[in-house]
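Trainee: Before we discuss this entry, could we look at the coordinates together and then work through the pockets, the helices and the aromatic pairs in turn?

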Amino acid sequence: MSRPFRFGINMLALEDRESWRQKCRRAEELGYDVLLVPDHLGMPAPFPSLIAAAEATEHPRVGTFVLNAGFWNPALLAREVATTDALTGGRLELGLGTGYVRAEHESAGLPWGSPGERVNHLTRTIEELDRLLGDDGQAPRPVQRPRPPLLIGGNGPRMLRLTARHAEIAAFTGGRQSPGKPEGVLELLPADEVAASVARYQEYAAGRPEPAELNILVQQVLPTDDRRAVAREIAARGIGVDEEQVLDVPTLLIGTPAQMAEQLRERRERYGFSYITVLDPFLDAFAPVLAELRGS
């Protein structure tokens, strides 16, 4: 049986305290279930932003989407997580990933390492968080026991195994490094490659006692009465998918609100994606779609 939909908004920009609070309240009014903050230099610091988001609202959960594990020492991260969960009344969801932008690590004076080294560090971080946050003698203590729900984002085989082993939420970005372009510039995965990643994850997760919630990050929400014309325009940008693939790729929503709602129903059936995250520039554009799907 399909999980009910949940909807998250990933908030990328901070101007001042009042505008942040207004944006959070607006998201709550529109029905978003989770207020999320990424972990990039040049964007808001995740944990204070989430505490402010929780204080400005009553019902939405708050979460990191996702932390770059290489930015964090596990013991210090455990303190941040426990404090934030306590100050938000147990509303925190913890999203973790390896990071994908070398320049950010270099700017922060932190090692970048090989892909294998980054996955190793993420693995150690998760294991330490489980140990520290689950320790009844640890102070401060999170409200949610033994720890807040864990979301892991990634597509490679090792990341998918790690996600299957540890995460309550499996997040699929649907993107990869664009060949020949600066590190951190992504192109979209065609639908069949996303399906292959999900199938591989499901194979690794076959022995789980409880199935994880599956998340997808929607990169753009594009209202239109002419899906084909918009698909043609997007394909011309050279982001890894052709016109036909654009119409099917799960990281884009194109069409009328009713059409986009139907796309998400189909993707939940095909891939299992029930937790949908959109970027904050599309907060209002996605709202009619959310209204179509509320409670389903």
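Mentor: Let us begin with a term: a pocket is an open set of grid points, on a 1 Å grid over the protein atoms alone, with protein on both sides within 12 Å along at least five of seven lines. Please keep in mind throughout that this is a predicted model.

Trainee: How much space lies in the largest pocket?

Mentor: The lining of this pocket comprises 47 residues, and Y100, T173, G175, R176 and L186 are those nearest its centre. By character the lining residues divide into 19 nonpolar, 20 polar and eight charged. The space in the largest pocket comes to about 1,200 Å³.

Trainee: Which element gives the most to the lining of the largest pocket?

Mentor: Several elements supply at least two residues each, among them α6, β7 (169–172), β8 (175–177) and α7 (191–204). The element that gives the most does so with four residues, and that element is α5.

Trainee: How far apart are the end C-alpha atoms of helix α5, and what span should its 19 residues have?

Mentor: Helix α5 covers residues 115–133, and its buried residues include R118, H121, L129 and L133, with α3 (74–87), β5 (92–97), β6 (150–153) and α6 (157–166) among what covers them. At 1.5 Å a residue the expected span is 27 Å, which agrees with the model because the end C-alpha atoms of α5 are also separated by 27 Å.

Trainee: Which residues of helix α11 are buried?

Mentor: The buried residues of α11 pack against β1 (6–10), α1 (17–30), β11 (220–223), β12 (252–255), α10 and β13 (273–279). Buried here means under 20% relative accessible area, and in α11 (residues 283–293) the residues concerned are L283, F286, A287, V289, L290 and L293.

Trainee: How many residues apart in sequence are the parts that the pair of Y32 and F286 ties together?

Mentor: The ring centres of Y32 and F286 lie 6.3 Å apart with their planes at 40 degrees, so the pair is tilted. Both Y32 and F286 are buried, and ring pairs link them with F5 and F7 into a cluster. Because Y32 lies in the loop between α1 and β2 (34–37) whereas F286 lies in helix α11, the parts tied together are 254 residues apart in sequence.

Trainee: What is the arrangement of the rings of F47 and W72?

Mentor: F47 is buried with a relative accessible area of 2%, and W72 counts as buried at 18%. Their ring centres are 5.5 Å apart and the planes stand at 80 degrees; planes over 60 degrees apart count as edge-to-face, so this pair is edge-to-face.

Methods. Residues are numbered from 1 along each chain as its sequence is written. This is a predicted model: local features need pLDDT of at least 70, side-chain atom pairs count only at pLDDT 80 or more; totals for chains, interfaces and linings use all residues. Side-chain values use heavy atoms; hydrogens and water are left out. The expected span of a helix is 1.5 Å times one less than its number of residues. Buried means under 20% relative accessible area, exposed over 50%, partly exposed in between (1.4 Å probe, protein chains only). Contact means heavy atoms within 4.5 Å. On a 1 Å grid over the protein atoms alone, a cavity is a set of points where a 1.4 Å probe fits but cannot get out, and a pocket is an open set with protein on both sides within 12 Å along at least five of seven lines; lining residues have an atom within 4 Å of a point. Grid points are joined across faces, edges and corners, and a volume is the space filled by probe spheres set on the points. Ala, Val, Leu, Ile, Met, Phe, Trp, Tyr, Cys and Pro count as nonpolar, Asp, Glu, Lys and Arg as charged, and the others, Gly among them, as polar. Rings of Phe, Tyr and Trp (its six-membered ring) pair if their centres lie within 6.5 Å; planes under 30 degrees apart count as stacked, over 60 as edge-to-face and the rest as tilted.
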